[in-house]
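These are my notes on the surroundings of a ligand and on a helix beside it. I record each item as I looked it up.

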Amino acid sequence: MRLILVGPPGAGKGTQAARLVEKHGIPQLSTGDMLRAAVAAQTPVGLQAKEVMNAGGLVSDEIVVGIIHDRIAEDDARKGFILDGFPRTIAQAEALDKMLDDSNQKVDAVIELRVDQTKLVDRIIKRAEDAKAAGQPVRKDDDPEVFKQRLEAYNRDTAIVVPYYEKANLLSVIDGMQSIDEVTASIESALQGLDEQV
Ligand code: AMP
């Protein structure tokens, strides 16, 4: 099963992706996690991406498409994957279609986590507090001001990806304001039958 999770930052994509990994035994491919690892390792990609990420902007399509291209060719992604945070622009969505098509694969489902954006800043402040309390590092871009930039980038560049997949008849919209368990249950019911098909 090849699945895409779409939604603004803080909508719960990472949390739900982790649950999908457990249930379906396919990897979560988070471009945000991969880019953060590249920044930490100070690779050439990391050095290029760092400032844009810290400002809440989008890393170039060329860089992220390259990362995903290499990642989906790895062995563990052969049976399927959950894309979290990619595609974030129409150019990325088109590049994904092309690279899957080249290897006779396709996107099976797209889940949009739809949330009340006025509540997201509170959610992100809580995420930073929870991480701090657990002794985990707090993401630099979870600073409320940077977060607002990320939300703007979502509305400006990424929201348009939703109608792209709606037109392709792949979209399920889930109410992301439900409890975490309820969101998981809604996603599972939207995906019912897909495991067998692919
Ligand atoms: P995330 O963890 O998905 O919220 O991503 C964190 C940051 O990484 C974003 O704010 C962007 O700067 C960058 N990023 C992650 N995925 C992408 C992508 N598909 N396209 C462009 N930038 C991305």
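I began with arginine 36 and found one of its polar side-chain atoms 3.0 Å from an oxygen atom of the ligand. The model is a predicted one, and I read every distance here with that in mind.

I then looked up two contacts to nitrogen. An N or O atom in the side chain of threonine 31 lies 2.8 Å from a nitrogen atom of the ligand. For arginine 88, I noted a separation of 2.9 Å between a side-chain N or O atom and a ligand nitrogen. I next checked the cover: of the 480 Å² of accessible area that the ligand has on its own, the protein covers 96%.

I asked which residues come nearest to the ligand. Out of 16 around the ligand, they are Thr31, Gly57, Gly85, Arg88 and Gln92. By class, I recorded six nonpolar, five polar and five charged residues in this shell. Helix H2 gives the most to the shell, with four residues.

I turned to H2 itself, which spans residues 31–40. Which of its residues are buried? I found Thr31, Gly32, Leu35 and Ala38 to be so. Viewed down the axis of H2, the buried residues fall within an arc of 125°, so they line one face of the helix. As a general point, I noted that an α-helix has 3.6 residues a turn, so residues three or four places apart point the same way.

I looked up the partners of the buried residues of H2: they pack against strand S2 (28–30), helix H3 (44–54), helix H4 (61–72) and strand S3 (81–84). Finally, I checked the chain just after H2, where glutamine 42 takes a positive phi of about 55°.

Terms used
Residues numbered from 1 in each chain as written. Predicted model: local features only at pLDDT ≥ 70, side-chain atom pairs only at ≥ 80, totals over all residues. Heavy atoms only, no water. Buried < 20%, exposed > 50% of the residue type's maximum accessible area, 1.4 Å probe, protein only. Helix = DSSP H or I, 4+ residues; strand = E, 2+ residues; numbered from the N terminus. Arc of directions from axis to C-beta. Contact = heavy atoms within 4.5 Å. Near = heavy atom within 4 Å. Polar contact = N/O pair within 3.5 Å; in protein donor to acceptor, adjacent residues only side chain to side chain. Areas by Shrake-Rupley, 256 points an atom, 1.4 Å probe, with all protein chains shown as cover. Nonpolar A, V, L, I, M, F, W, Y, C, P; charged D, E, K, R; others polar.
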